[in-house]
Amino acid sequence: QMIKNTDTAANLVQTIADLAVEMANLPLDKYEKYLERNTEKNELYVARQNNAANAKDQNKYIDKQIGIAEQNDKKAQDTAKTTAKNLSQSIKDIGSARQKDYGSTKIVTGELGPVEQARAKLDDHYKKVDKYTKSKKQIPASLISKIADDGYASLAAACANYNASLSADKTAQAASALSKENTAKDIAVLAKQKFDNIAAEYDYRISANEQKKTVVNNRIALKEANGRKASTADYKELIAAEEAERKKYAQKHDRLQKELDRAVADGSVKEGSEEWYAMVAAVNEAANEAAQAEQSIVGFKNAMRQLKWDAFDTALEEITRINREADYYINLLSRKKLVDDETGEFTEDGIATLALHRENYESYLAQADAYQKEYSDIQQKIRNGELSAGDEAVIQRQRELEDAHRDAALSAEDELEAIQDLVRQGYDAQLNALGSLIERYKDVKSAAQDAYNYQKQIEDKIKTIASLQKQLSVHGTNTSEETRAQIQKLKIELQNAKDELRETQYQKYLSDAEEMLDDLYHDYEEFIDEKLNDTNDILKEISGLLGNEGAIIATLKELDKNLTGGLEALLNGSTTAEKQTDQTVEKEKKDADKPADTAKKPAAETAKPAAETGKRSTEIGLKKSTEKSAVEKAAAYLNAASEEEAQALVRSGEALIVDENMRKLLEQAAQKPILLGGGIRPELPPLPSPPAFLENAGENIRVEIGDIVMNGVNDAETFGRQLREEICRNGKTTQCIAEAVSAKQLGRGIGSARLHR
């Protein structure tokens with residue numbers, strides 16, 4: 001009908017071409033409309049994705065977008081298949097059109113000329129068209145117009161339809177190829193976006209932990225800026241936050257790895273693509289962050305461990321400061337007199353020094369024990385797996401504790417040696433005093449020997465006088481001379497024998513006494529050495545010697561009133577070195593374990609003097625003896641009389657009285673050592689009893705010496721008593737002796753004593 005209504009062949013060709021294009025583009029039109037509908041859906045999914053609160057919901061809408069992209073690509077591929085099919089059909093239609101034109105009315109009726117010529121011309125047109133269809137090229141419009149002008153309407157229409165189908169197919173194939181590439185890219189981008197959403201969600205969770213760590217780190221920095229230390233609670237918070245972060249990084253890594261594997265497996269992302277490299281980098285970064293978090297946890301644990309180590313070291317430093325304070329007072333006291341040279345007793349300063357050395361000794365022992373406990377604790381943690389034996393920091397810490405333990409033990413030995421030295425000073429002073437006493441005693445014995453010799457001289461004089469008196473009396477008797485001579489000879493022999501016996505006895509007495517005194521001195525030296533070697537006994541007896549703690553503290557405060565509470569508590573017995581060390585360590589560790597939101601109070605507020613903890617239930621021990629020592633008594637006895645008086649006592653025949661007093665004093669000195677109470681003491685053997693000085697040498701003996709006249713001097717005691725009485729009468733002899741002594745002291749010979757001859 002259209003052909004009939006067409007005025008010209010050109011109009012016919014154009015009309016056919018327009019209709020062919022419209023028909024050929026129907027698949028493309030449907031494809032475009034499909035894309036428009038999916039675009040609206042996709043925009044809705046994008047909006048919903050943007051409004052989703054979590055990765056799961058976001059990725060759900062991304063999956064829908066991926067579905068649309070896949071649908072669009074499928075539609076593009078289907079459209080391309082349709083246009084390709086249409087193109088193939090259009091080529092077939094050209095052959096069909098040729099056959100149709102062979103039998104057309106115009107050819108058969110000869111309207112187009114002779115039939116054979118018309119068909120030959122048709123074949124010629126077909127051959128030209130066939131060349132274009134085989135090469136899938138557009139048939140020229142001029143050729144189509146020529147075919148139409150020649151009256152071959154079916155072939156012309158088929159050629160127009162072919163051109164339209166070819167053009168539509170080219171468009172569809174290009175759209176298909178582009179859709180395939182774009183869809184693959186879009187899907188990869190969307191897959192990466194899903195991957196990023198998962199990563200972002202983990203990052204949001206991790207950022208909360210980062211904020212927790214920031215808060216704690218700021219708190220620690222503020223504490224340090226204020227001169228305080230972080231607590232283990234701070235590091236526990238950091239460890240907890242870091243551990244949660246490590247877990248999230250590990251979860252992130254696993255989830256991202258799974259997402260990457262899925263995307264590669266389903267073809268959403270190709271290995272080697274930009275998205276693949278970005279996703280692999282993100283997976284590796286999550287693994288690295290987890291490893292870094294693990295390292296941070298180890299670092300925080302090490303910091304917390306170091307904090308506890310520092311707390312222990314701080315506690316021991318506080319204890320050693322007390323030691324240094326004691327050393328300061330010991331140094332001040334060293335300038336004072338610590339031991340009384342005369343008595344061997346410690347002065348108040350000496351007692352204070354002993355107390356300080358003892359407290360230092362006990363403190364160093366407590367420190368050595370604390371270091372050993374700390375070392376053992378590390379060993380136990382190594383066995384429990386809490387610490388590693390291969391950790392260089394742990395190894396170094398063990399070495400530090402070993403060295404500190406040894407140093408503390410050596411310091412304790414130094415203090416013990418200082419105590420021994422100080423005790424030795426007291427013993428040496430006592431020994432010197434005893435030696436002086438013994439020398440004085442020996443002097444007395446020497447004086448006694450002089451008195452004895454003098455008495456022998458007096459006795460000889462007395463005998464001479466008596467002999468003369470007897471001779472005078474003999475002249476008035478009738479007794480035979482021979483008899484008297486024989487009697488006299490016997491008496492002389494008897495007297496000489498008595499004299500020799502008495503001399504031997506007296507010399508033995510003197511030698512035994514001196515030997516006994518020498519033995520006493522050496523025995524006491526051995527006793528002192530034994531005491532000094534028995535350190536446990538020394539420490540026990542020092543407690544008894546110290547006595548009043550208040551007096552010790554008063555002595556120290558006189559030197560420096562700023563005595564700290566820690567040292568005062570040790571001295572007054574409110575605490576012990578062991579308890580003080582344990583409590584200080586425990587306190588520092590508790591401070592290190594304080595809750596993170598509480599600040600440590602300044603040391604000035606918390607370091608209350610240990611003296612406030614209460615008095616100990618038992619007293620340290622012995623009070624200082626208020627009795628005077630034996631040596632002091634002996635010295636006082638000897639000093640009470642002048643040398644002249646002592647010599648006078650000896651010469652006057654009272655040597656026995658002096659001997660007895662000295663014996664008692666020496667026994668007391670041996671039985672009551674001055675320095676320390678209790679323990680084994682050297683025993684003093686009893687002094688040998690002295691023999692009688694003189695026996696009766698006669699009766700009613702009268703002795704005249706200058707203006708001194710003595711009657712009945714038949715024994716040394718009587719002689720000595722009468723001699724003293726005569727001297728005290730202040731006669732010429734008295735004046736002579738006085739002048740001689742005075743002149744002798746002034747270095748003038750005997751002076752005016754010669755005037756009293």
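These exercises walk through surface patches, helices, salt bridges and backbone angles in one predicted model.

In this predicted model, local features need pLDDT of at least 70, side-chain atom pairs count only at pLDDT 80 or more, and totals for chains, interfaces and linings use all residues. Residues are numbered from 1 along each chain as its sequence is written, and side-chain values use heavy atoms, with hydrogens and water left out.

**Exercise 1. A nonpolar patch**

Find which residues form a nonpolar patch on the surface, and classify Leu19 as buried, partly exposed or exposed.

Step 1. Learn the rule. Patch residues have over 30% relative accessible area and no salt bridge; like charges are joined within 9 Å, and nonpolar side chains (Val, Leu, Ile, Met, Phe, Trp, Tyr) within 5 Å. Areas come from the Shrake-Rupley method with a 1.4 Å probe, and for residues only the protein chains shown count as cover.

Step 2. Name the members. Leu19, Met23 and Leu26 form the nonpolar patch, with about 270 Å² of accessible area together.

Step 3. Place Leu19. Leu19 sits in helix H2, residues 9-24. Helices here are DSSP runs (H or I, at least four residues), numbered from the N terminus.

Step 4. Classify Leu19. Buried means under 20% relative accessible area, exposed over 50%, and partly exposed in between. Leu19 has 43% relative accessibility, so it is partly exposed.

**Exercise 2. Two charged patches**

Determine which helix gives the most to the positive patch, and which to the negative patch.

Step 1. Set the signs. Lys and Arg count as positive, Asp and Glu as negative; His and the chain ends are not counted. A charge is placed at NZ of Lys, CZ of Arg, CG of Asp or CD of Glu.

Step 2. Take the positive patch. Arg48, Lys56, Lys60 and Lys64 gather there on the surface. Helix H4 (residues 55-102) gives the most, with three residues. Lys64 lies in H4. Lys64 is partly exposed because its relative accessible area is 36%.

Step 3. Take the negative patch. Its members are Asp18, Glu22, Asp29, Glu32, Glu36, Glu40 and Glu43. H2 and helix H3 (26-51) each supply at least two residues. H3 gives the most, with five. Glu36 lies in H3. Glu36 has a relative accessible area of 53%, so it is exposed.

**Exercise 3. The span of a helix**

Check whether the end-to-end distance of helix H8 agrees with its expected span.

Step 1. Recall the formula. The expected span is 1.5 Å times one less than the number of residues.

Step 2. Apply it. H8 covers residues 153-225, which is 73 residues, so it should span 108 Å.

Step 3. Compare. The end C-alpha atoms of H8 are 101 Å apart, which agrees.

Step 4. Look just past the end. Gly227, just after H8, has a positive phi of about 80°.

**Exercise 4. Salt bridges**

Trace the salt bridges of Lys213 and of Glu259.

Step 1. Define the contact. A salt bridge is a side-chain nitrogen of Lys or Arg within 4 Å of a carboxyl oxygen of Asp or Glu. The whole structure holds 38 of them.

Step 2. Start with Lys213. Its side chain meets that of Glu242 at 2.7 Å, N to O. This pair links distant parts of the chain: Lys213 is in H8 and Glu242 is in helix H9 (residues 232-265), 29 residues apart. Lys213 is buried, because its relative accessible area is 10%. Glu242 is also buried, because its relative accessibility is 3%.

Step 3. Move to Glu259. Glu259 is buried, because its relative accessibility is 5%. Glu259 bridges to Arg255, with the closest N and O atoms 3.2 Å apart. The two are four residues apart in H9, so about one helical turn separates them.

Step 4. Add Arg262. Arg262 and Glu259 form a salt bridge at 3.0 Å, N to O. Both lie in H9, three residues apart, about one turn of the helix. Shared partners join Asp63, Lys194, Arg255, Glu259, Arg262 and Asp266 into one network of salt bridges.

**Exercise 5. A positive phi**

Say where Lys136 is found, and describe its phi.

Step 1. Recall the background. Most residues other than glycine have a negative phi.

Step 2. Read the angle. Phi of Lys136 is near 55°, a positive value in a residue other than glycine.

Step 3. Locate Lys136. The residue is in the loop between helix H6 (115-134) and helix H7 (141-149). Lys136 is partly exposed, because its relative accessibility is 43%.

Technical notes. Buried < 20%, exposed > 50% of the residue type's maximum accessible area, 1.4 Å probe, protein only.
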